Amino acid sequence: QPLQAASLGVEGEGIWLALGTIGMLLGMVYFMAKGWDVQDPEEEEFYVITILIAGIAAASYLSMFFGFGLTEVELINGRVIDVYWARYADWLFTTPLLLLDIGLLAGASNRDLASLITIDAFMIVTGLAATLMKVPVARYAFWTISTIAMLFVLYYLVVVVGEAASDADADTQSTFNTLRNIILIAWAVYPVAWLVGTEGLGLVGLYGETLLFMILDLAAKIGFGFILLRSRAIVGGDSAPT
Ligand code: RET
Ligand code: DD9
Ligand code: DD9
């Protein structure tokens, strides 16, 4: 049965893709239910962004579960690797939205937000290039470029966005610090997962790598959203209409 073959995945990793789909859907439904009565436009913005993040990820996980977001890359050394490219489509949209969430919380300027999101998109695009290239040295070169871009994103988040947050009230500062720490810890593991996984050195198979990405994705999106939307800091301040 083709459907069954697709949903099991290449190494049985379909179980983690199914759990990822369910986790993203549950997160999305929870955020929708929690935000249903929200009237304040500033607060509503955080809900819209965070629900969109979970929805995009749910669609991406479902497509990977059905084997739709999967492709094979044949390297020049004859090695053939299975790659879930749908992740990159997901991350291209969701990582900017996550940065928008935390940037709006901190009260960062539009100019700083635009810079941050541009470097982030560059990180994902060069990461996809690393993933699809046939020449191993080119793959590691693009991985290195993408990782340097990530270090810029994290630096910018701590220094520039952190500076904006330091002017905010105590609630906002404490929520910002928690969310920033989730990003610092979770995001930094992604290039390591790529490097040890099937795209890189192949120390970890597709099964283990898919599990690792699922845990990271749920922490970085649903854990992040849960903390953000529970915080009083997102309720519009003086600027909100009464
Ligand atoms: C890649 C490979 C190349 C090197 C680097 C990467 C970084 C990816 C990151 C992804 C973050 C995803 C999130 C998803 C939310 O669920 C592309 C793996 C640096 C940081 C937060
Ligand atoms: C063609 C199916 C790709 C699914 C990716 C979902 C994320 C898109 C934003
Ligand atoms: C030009 C960048 C090369 C990076 C090599 C990394 C090799 C890891 C095995």
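Biologist: Which residues are around ligand 2?

Modeller: In this predicted model, the protein covers 67% of the 330 Å² of accessible area that ligand 2 has on its own. The residues that surround ligand 2 are I56, S60, S63, F68, W85 and F93.

Biologist: How do the residues of that shell around ligand 2 divide into nonpolar, polar and charged?

Modeller: Phenylalanine, tryptophan and isoleucine count as nonpolar, whereas serine, which is not on the nonpolar or charged lists, counts as polar. Applied to the shell around ligand 2, that division gives four nonpolar residues, two polar and no charged.

Biologist: Which helix gives the most to the shell around ligand 2?

Modeller: The shell includes I56, S60 and S63, and the helix to look at spans residues 41–65. With three residues, the element that gives the most to the shell is helix α3.

Biologist: What span does helix α5 reach from its first C-alpha to its last?

Modeller: Helix α5 covers residues 110–132, which makes 23 residues, and at 1.5 Å a residue the expected span is 33 Å. The computed reach from the first C-alpha of α5 to the last is close to that expectation, at 33 Å.

Biologist: Which elements do the buried residues of α5 pack against?

Modeller: The buried residues of α5 include D112, L113, L116, M123 and I124. Their packing partners comprise strands as well as helices, namely β1 (70–74), β2 (80–84), α4 (86–106), α6 (136–165) and α7 (170–196).

Biologist: How many residues apart in sequence are the parts that the pair R87 and D217 ties together?

Modeller: The side chains of R87 and D217 meet in a salt bridge, with 4.0 Å from N to O. R87 lies in helix α4 and D217 in helix α8 (residues 206–230), so the distance in sequence between the parts tied together is 130 residues.

Biologist: Is D217, the partner of R87 in that salt bridge, buried or exposed?

Modeller: A residue counts as buried when its relative accessible area is under 20%. R87, at 3% relative accessibility, meets that cut-off, and D217, at 1%, also counts as buried.

Biologist: Where does R232 lie, given that its side chain meets that of D171 in a salt bridge?

Modeller: The salt bridge between R232 and D171 has an N to O distance of 3.4 Å. The pair ties together parts that are 61 residues apart in sequence, because D171 lies in helix α7 and R232 in the segment after α8.

Biologist: Is R111, which meets D112 in a salt bridge, buried or exposed?

Modeller: The side chains of R111 and D112 meet at 3.9 Å, N to O, and D112 is buried, with a relative accessible area of 17%. R111 has a relative accessible area of 64%, and is therefore exposed.

Notes: Residues are numbered from 1 along each chain as its sequence is written. Chains are lettered from A and ligands numbered from 1 in the order in which they are written. This is a predicted model: local features need pLDDT of at least 70, side-chain atom pairs count only at pLDDT 80 or more; totals for chains, interfaces and linings use all residues. Side-chain values use heavy atoms; hydrogens and water are left out. A residue is near a molecule or strand if one of its heavy atoms lies within 4 Å of it. Accessible areas come from the Shrake-Rupley method with a 1.4 Å probe; for residues, only the protein chains shown count as cover. Helices (H or I, at least four residues) and strands (E, at least two) are DSSP runs, numbered from the N terminus. The expected span of a helix is 1.5 Å times one less than its number of residues. Buried means under 20% relative accessible area, exposed over 50%, partly exposed in between (1.4 Å probe, protein chains only). Contact means heavy atoms within 4.5 Å.
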